[in-house]
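Got the viewer open and a selection box ready? Let's take a walk through a few cysteine pairs and then one helix.

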Amino acid sequence: MENLIPMRNLLTLLFFCTLVPLFSRQSIAADTIKAGQSINDTQFIVSAAQKFELGFFTEPASNFKYLGIWYKNISETVVWVANRDNPIVNSSATLSFTRDGNLALFNQTGAAFWSSNSTKSVENPVAQLLGTGNLVLRDSGSEIPLWQSFDYPSDTLLPGMKLGWDSKTGLDRKLTSWRSPNDPSPGEFSYSVDTDGLPQLAIRKGNKMIYRGGPWFGPGFAQGRSKGSRDYTPIFVYNASFEISYSYNDPTNGRSRIALDSTGSVTHLTWSGVAWQKAYALAAVGCDNYKICGNFGYCSLGVTVTCVCLDGFEPKTAQKSSDGCVRKDQEICRAGDGFKNISDVKWPDSRGEFVKLKMGIQNCEEECLRNCSCLAYGRVEIPNIGHGCVTWFHELIDLRYAGNPGIGDELFVRVAASELELETTMIVNRKSKSKLIVAVVVPTIMVLALISWFIIRNVRRSISENEVTIIEVPIQEIELEMPITMIEVATNNFSLSNKIGEGGFGPVYKGKLPSGQEIAVKKLAESSRQGLHEFKNEVLVISQLQHRNLVKLLGFCIHEEETLLIYEYMPNKSLDYFLFDDERRSLLNWSTRIDIIIGIARGLLYLHRDSRLRIIHRDLKAANILLDSEMKPKISDFGVARMFGEDQLGTKTKRVVGTFGYMSPEYAIDGYFSFKSDVFSFGVMVLEIVSSKKNRGFFHSDHHLNLLGHAWKLWTDERALQLVDATLKDQFQEYEALRYINIGLLCVQGRPEKRPIMSSVLSMIENDNFLLIPPERPGFYGERFVSNLNLPRGDHLTSTSNDATLTFLDGR
């Protein structure tokens with residue numbers, strides 16, 4: 001009996017010890033987790049400033065467990081969630097390091113539910129919760145973060161955290177709402193920076209914009225909200241080559257946050273000591289409801305929302321104000337066109353397809369009148385850069401009065417000559433007859449002179465290949481020209497040792513600018529089948545494009561007989577350099593190949609839909625996909641690309657350019673090309689990337705089909721997985737491989753109308769629940785019987801004569 005009493009006490013003690021973790025959390029009295037350490041779901045770490053805590057939490061009436069960051073002593077205010085897509089259910093949880101030094105979240109069976117996924121391995125990792133609320137992963141001997149939570153926001157923007165695009169990380173950071181106030185999983189609303197066009201903040205519901213802030217460069221924007229307040233100093237960074245971001249600082253160093261809630265409202269909140277106080281809120285209500293007044297209408301908020309048409313316009317319908325307005329006089333772009341200004345407004349939607357920014361222009365009115373598609377203009381002054389013009393095209397939507405005089409911008413809207421004549425008549429009726437003569441004759445002479453200058457400067461020419469009229473922009477106006485001396489020094493006078501490739505355009509040289517930036521210089525060869533037209537086309541097209549999956553044009557040079565294009569240098573050469581080499585292809589693992597496919601798809605979608613110009617590339621192939629230092633793909637070579645109008649879907653040409661094996665049947669045979677032609681080329685590349693086999697020249701002992709036919713035959717025989725490169729064994733899930741093969745076959749279907757558009761392709765790629773779709777027979781399906789002729793090695797088609805030229809691409 002005496003021995004039983006101590007045993008009973010011991011059991012009681014153990015029982016209470018097991019209950020303690022269920023009702024409390026314990027701080028480990030540190031702001032870091034070091035190699036060999038971990039925290040469980042009863043522990044948390046605290047920032048050195050005692051401002052934030054990192055640990056585990058569950059929402060009321062839920063068995064889901066999340067790793068998060070919250071304000072110390074305000075635990076209900078969670079500002080960041082790691083595993084919001086993948087909660088741990090009915091299990092204990094541990095945060096520790098993996099063998100390569102990444103942070104990872106495990107359940108009690110050792111299954112990983114989240115990881116920091118840093119691409120760099122660390123021997124002595126340290127995870128630290130900073131006083132800003134930023135969780136950083138770094139090497140113990142360095143202060144440079146290898147990964148940080150600020151790059152992966154949840155629904156909250158903290159002081160110092162950035163939204164927007166960063167070229168170093170390749171990230172486009174945005175806030176995503178919780179699904180509900182008690183459910184941290186991603187909701188349907190996002191708050192982000194539109195980086196295409198003039199930067200502007202936007203709230204979206206799914207892919208639909210519901211709220212838009214004013215563009216950053218408007219002078220009224222600088223005078224108004226951008227000035228900030230006592231506890232809010234906004235920071236706007238615009239450098240198209242490196243960073244486009246929005247962030248803010250709190251000069252008081254208090255507790256401050258900007259949160260996107262589950263209803264789609266963005267609110268700036270500050271802590272009073274007992275509760276969160278609202279500083280301002282942004283939401284799709286009243287005049288802030290995106291496009292509430294339609295095209296050419298603007299919103300004025302009084303007692304109620306009122307939609308008014310711009311001067312020179314009238315309501316499209318009497319029933320719905322959201323239908324917008326139409327011109328009273330549709331005869332626009334004639335002698336006498338002019339502008340009416342409207343003050344104290346939020347500028348119209350300034351995304352890429354609607355707007356163009358051009359610096360160094362003093363006369364913005366003249367700049368707009370030169371283009372019949374220009375609807376309005378505004379003036380900007382960017383610090384450290386200078387004056388410029390903003391011109392709008394296609395639509396003027398989401399206009400509203402700023403509310404207070406002096407905090408809006410001034411917009412000059414183009415109107416027909418008849419509208420100006422009416423206004424002039426009303427003015428001169430109040431003046432003497434002599435003043436009437438002066439008032440009418442002088443402006444008329446000025447307008448005629450302006451029109452004459454306009455006609456001389458911009459010559460319209462009709463291109464016989466497709467009977468589409470194009471206005472050729474003088475290449476001198478593109479402010480990217482570099483002196484020949486700089487290029488000669490950079491390339492060591494085009495030394496043979498600097499030569500890295502040869503393309504249809506001519507030789508390619510590696511160089512280094514005085515700034516230290518490495519460049520690739522394409523030199524137009526005298527014998528090149530491409531010429532000055534292709535050169536101008538490439539400069540005109542790519543100088544107006546900005547996307548992480550497009551190669552960046554740094555400049556051009558025309559000097560006597562020398563014609564040069566200067567690009568950013570891609571150290572990993574082109575995709576075909578790895579893909580079709582028996583040894584190097586093993587360096588492309590499954591994950592890298594999928595990232596390349598996704599990157600190409602995003603770049604192509606940008607060209608087809610999201611850029612300010614709608615562009616068909618016409619020569620997509622593995623050799624024109626360049627790879628940066630991180631093996632991220634960039635579409636290159638826009639010499640034969642074509643720009644299309646908003647409503648133009650396709651056209652026909654007598655001059656077929658492209659590469660055998662990647663061209664769609666309707667283009668190669670009939671000269672008809674469209675956005676679906678690029679989709680076909682993309683599909684060929686997908687099948688090549690999966691198989692490491694080249695479509696043109698593919699050989700199989702069982703048949704004489706090309707790669708497309710072989711892939712379709714395997715699909716119909718339910719043996720599609722045999723297409724996958726053998727070096728990728730055990731690196732992929734079977735269904736994932738089938739999904740990409742399926743997408744490739746859908747893109748190369750013989751009938752263009754059956755091929756998906758690129759937005760649908762990207763949706764298929766990003767949808768893990770995508771159901772396989774039976775593809776139809778691919779283009780160019782059929783067995784080939786090739787005689788033993790001495791055929792040329794090159795495969796680059798330059799005309800309908802089917803001539804081929806040798807093409808060597810060893811890097812760019």
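Start by selecting Cys364 and Cys389: the two form a disulfide, with their sulfur atoms 2.0 Å apart. Keep in mind as you click around that this is a predicted model. Show the pair as sticks and look along the S-S bond; its torsion is about -90°, so this disulfide is left-handed. Now colour by secondary structure. Cys364 sits in helix α3 (residues 364-369) and Cys389 in strand β34 (residues 386-393), so the bond ties together parts that are 25 residues apart in sequence.

Buried or exposed, what would you say for Cys364? Turn on a surface to check: Cys364 is buried, at a relative accessible area of 2%. Its partner Cys389 is buried too, with a value of 1%.

**Next stop: Cys309 and Cys325**

Select these two and you'll find another disulfide, again with 2.0 Å between the sulfur atoms. The link of Cys309 and Cys325 is left-handed, with -85° about the S-S bond. It joins distant parts of the chain: Cys309 belongs to strand β28 and Cys325 to strand β30 (residues 325-327), and the two cysteines are 16 residues apart. With the surface still on, Cys309 comes out as buried at 16% relative accessible area. That call rests on the cut-off, because buried means under 20%. Cys325 is buried as well, at 8%.

**Stay on strand β28**

Don't move the camera much yet. Which residue does Cys307 pair with? Add Cys293 to the selection: a disulfide joins it to Cys307, S to S 2.0 Å. With -80° about the S-S bond, the link between Cys293 and Cys307 is left-handed. Cys293 lies in the loop between β26 (276-282) and β27 (297-301), while Cys307 is in strand β28 (residues 305-309), so the pair ties together parts 14 residues apart in sequence. The two ends differ in cover: Cys293 is buried, with a relative accessible area of 4%, whereas Cys307 is partly exposed, at 27%.

**Zoom out to the cysteines**

How many disulfides does the count come to? The total is six. If you number the bonded cysteines along the chain, the pairing pattern reads 1-3, 2-4, 5-6, 7-10, 8-12, 9-11. Two more cysteines to click on are Cys557, which is buried at 1% relative accessibility, and Cys747, which counts as buried at 0%.

**Last stop: helix α12**

Select residues 707-716, which make up helix α12. The helix is mostly covered, with eight of its 10 residues buried. To see which ones, highlight Leu707, Leu708, Gly709, His710, Ala711, Trp712, Leu714 and Trp715. Now ask what those residues lean on: show α11 (675-691) and α13 (734-747), because that is where the buried residues of α12 make their packing contacts, and a contact means heavy atoms within 4.5 Å.

Then look at both ends of the helix. At the start of α12, select Asn706: one of its side-chain oxygens comes to within 3.2 Å of the backbone nitrogen of Leu708. After the helix, click on Glu718, where phi is positive, near 60°.

Key: Residues numbered from 1 in each chain as written. Predicted model: local features only at pLDDT ≥ 70, side-chain atom pairs only at ≥ 80, totals over all residues. Heavy atoms only, no water. Buried < 20%, exposed > 50% of the residue type's maximum accessible area, 1.4 Å probe, protein only. Helix = DSSP H or I, 4+ residues; strand = E, 2+ residues; numbered from the N terminus. Polar contact = N/O pair within 3.5 Å; in protein donor to acceptor, adjacent residues only side chain to side chain. Disulfide = S-S within 2.5 Å.
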